[in-house]
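This briefing concerns the structure displayed below. It addresses the nonpolar cores, the sheet and the salt bridges in turn.

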Amino acid sequence: MDAPTTTSADNGTSGGGGDWFTPRNKPTTPDNDSGTPDGRRPAVIRPVGRQTADPETPADGAGAPAASTAGSASTGVPDQERASRESPDAIPGPTSTAPPFASAAPPPAEPRVPAQRPASVSPPGSAASAPAAEASPDAVLIRRAMAEVTPVADKVTSYFYALLFVRYPDLRPLFPAAMDTQRDRLLRALLTAAEHIDNTDVLVDYLRNLGRGHRKYGTRAEHYPAVGECLIGALSKYAAGVWDEEMEAAWVRTYTTISQIMIDAAAADELRSPAWWYAEIVTHDLRTPDVAVVTVRPDQPYPFLAGQYTSLETPWWPRIWRHYSFASAPRSDGLLSFHVKAVPAGWVSNALVHRARPGDIVRLGPPAGSMTVDHTTDSGLLCLGGGTGIAPIKALVEDVAEHGERRPVEVFYGARTDHDLYDIDTMLRLQQSHPWLSVRAIIDQLAHQQLPDAVRAYGPWNEYDAYLSGPPGMIRNGVDALRDIGIPSERIRHDSVEELVAAGP
């Protein structure tokens, strides 16, 4: 899961007037300015009572920076704009009375493309990822604070950003001008990580991806102490009824662990890949009035796995990144394709569908996601793709074909109307080429049932690995339906529903 929270650095290639690219001319990749100074250890957080002019307490979010009223509706399909991410100098000021930051050991070297992850490892925020063991003392304190602030999460978020931008105005340019679809992502990611502090395997994987992904936003190690200070400032205000020195110390230790994992992951990633890739649009195929298949050519090799996704920034909306799944397995020509549906008030999606043309330049973040095929087994694949969620399903089918396997693959392609089956011809051609592949179109208006329910009529599926891609509601219903018909939870793969819900247009 990627939870983009900051945005591309205003380093001459993004931000400002939005002219970081030259239309229809491939730019030269700039030097990466997110380098890592020697010794990657976070500075201490200032105490909550720092003597600085703080913002007025927002009653209902009014104290946060001005936000646009643009809508933030999103279908949540992974390729329809989801939301995967240096030693800091010590910031002047009094030191905290809380215990010093705990050091997190640097992670071992990792492969450039994230390794395949078992389906049983759920993203943070999902029920399956809740730690079963008895909670640690710090986790107990963290969750006690979380219980206090959850009912007033909007106020906490607004106050957090108000603190951040008043105390550190130099960080404001890292965020988009309109904060309405962005402002809760940073806090959501931090609180999600803190809540799962005892679930080490899931937490570390989540944070490493987050740290790698945040390189493209211009995030540097010295930003982490400022964020931590304002996070604790907001929490201490809205959890005042339970807040004490012991709880603050637990949050300092927790945030230190979180930030150090992210810092180290970003530093390790810097040694083997750029912070972003430029990519030129080479074809733009408008399949329906609101769905386009966009194919791009990266300026340098872009390694990824079928079933993964990336984040994408357009020249028309600088500092706004949205997530799209790869619509094919890795290709020999290096081209990447995405299925994009223009959604209401969708800034990036509407630009890609209605404004982008061949020759335009976009930027790509690193690949992310674990909805990949396990080629160490010969289990069948049961794939549910709703709307443009068929894009990563198509990539998985191609991946199986390229590995020369003859394992059964069953694809259920869901749509509201037959008009929405924009890629059915491609899927049927794949079916004709591969006898192990079966494709079934499920049209809501004709079948009078949802895609997950239609799957119940076929099977049995208990020996299959299941893959789901589509709107959050479809994924939730699909997971429930698949469990009901006997597929174990550890064999059901999908990207984080929480991330889909948090994504803006």
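A salt bridge is taken here as a side-chain nitrogen of Lys or Arg within 4 Å of a carboxyl oxygen of Asp or Glu. Under this criterion, Arg456 and Asp484 form a salt bridge, with their closest N and O atoms 3.6 Å apart. The model is predicted, and a search of the whole structure yields 12 salt bridges.

**Nonpolar cores and helix H5**

- The largest nonpolar core contains 49 residues, of which Phe160, Leu164, Leu207, Leu231, Leu235, Trp243 and Trp251 touch the most other members.
- At least two residues of this core come from each of helix H1 (137-149), helix H2 (153-167), helix H3 (183-195), helix H4 (200-213), helix H5 (223-238) and helix H6 (245-270).
- A second, separate core has 25 residues, including Ala292, Phe338, Ala351 and Leu364.
- In general, nonpolar side chains of soluble globular proteins tend to be buried together.
- Helix H5 is mostly covered, with 15 of its 16 residues buried.
- The 16 residues of H5 should span 22 Å at 1.5 Å a residue, and the computed separation of its end C-alpha atoms, 23 Å, agrees with this.

**The six-stranded sheet**

- An open sheet of 6 strands runs in the order E4-E3-E6-E1-E2-E5, and its pairing is antiparallel.
- Strand E4 (321-325) and strand E5 (336-341) are the edge strands, each pairing on one side only.
- On average, neighbouring strands of this sheet are turned by 40° against each other, direction ignored.
- Strand E3 (residues 309-313) pairs with E4 in the antiparallel sense over 5 bridges; among the bridge partners, Ser311 is matched with His323 of E4, and Thr310 with Tyr324 of E4.
- Is edge strand E4 enclosed or open? Because 5 of the 5 residues of E4 are buried, this strand is largely enclosed by the rest of the structure.
- Both faces of E4 are covered, with Trp321, His323 and Ser325 buried on one side and Arg322 and Tyr324 buried on the other.
- Helix H7 (residues 347-355) lies across strand E1 (277-288), strand E2 (291-298), E3, E4, E5 and strand E6 (361-364), and runs at about 110° to E5.
- Pro298 is located in strand E2 and counts as buried, at 9% relative accessibility; its C-alpha atom is separated by 6.5 Å from that of Glu280, 18 residues apart along the chain.

**Salt bridges**

- Arg456 lies in the loop between helix H11 (451-455) and strand E10 (464-469), whereas Asp484 belongs to helix H12 (residues 472-484), so their salt bridge ties together parts that are 28 residues apart in sequence.
- Within this pair, Arg456 is partly exposed at 39% relative accessibility, while Asp484 is exposed at 57%.
- Glu229 and Arg167 form a salt bridge whose closest N and O atoms are 2.5 Å apart.
- This second pair links distant parts of the chain, Glu229 in helix H5 and Arg167 in helix H2 being 62 residues apart; both residues are buried.
- Asp465 and Arg491 meet through their side chains in a salt bridge of 2.9 Å, N to O.
- Asp465 is in strand E10 and Arg491 in the loop between H12 and strand E11 (492-493), 26 residues apart.
- Asp465 is buried, with a relative accessible area of 6%, and Arg491 also counts as buried, at 18%.
- Salt bridges also link Asp285, Arg287 and Asp423 in a network.

Conventions:
Residues numbered from 1 in each chain as written. Predicted model: local features only at pLDDT ≥ 70, side-chain atom pairs only at ≥ 80, totals over all residues. Heavy atoms only, no water. Core = buried A, V, L, I, M, F, W, Y, C linked by side-chain atoms within 4.5 Å. Buried < 20%, exposed > 50% of the residue type's maximum accessible area, 1.4 Å probe, protein only. Helix = DSSP H or I, 4+ residues; strand = E, 2+ residues; numbered from the N terminus. Pairing = 2+ DSSP bridges. Axes fitted to C-alpha atoms, helices over the stretch in contact; angles between N-to-C directions. Contact = heavy atoms within 4.5 Å. Expected span 1.5 Å × (residues − 1).
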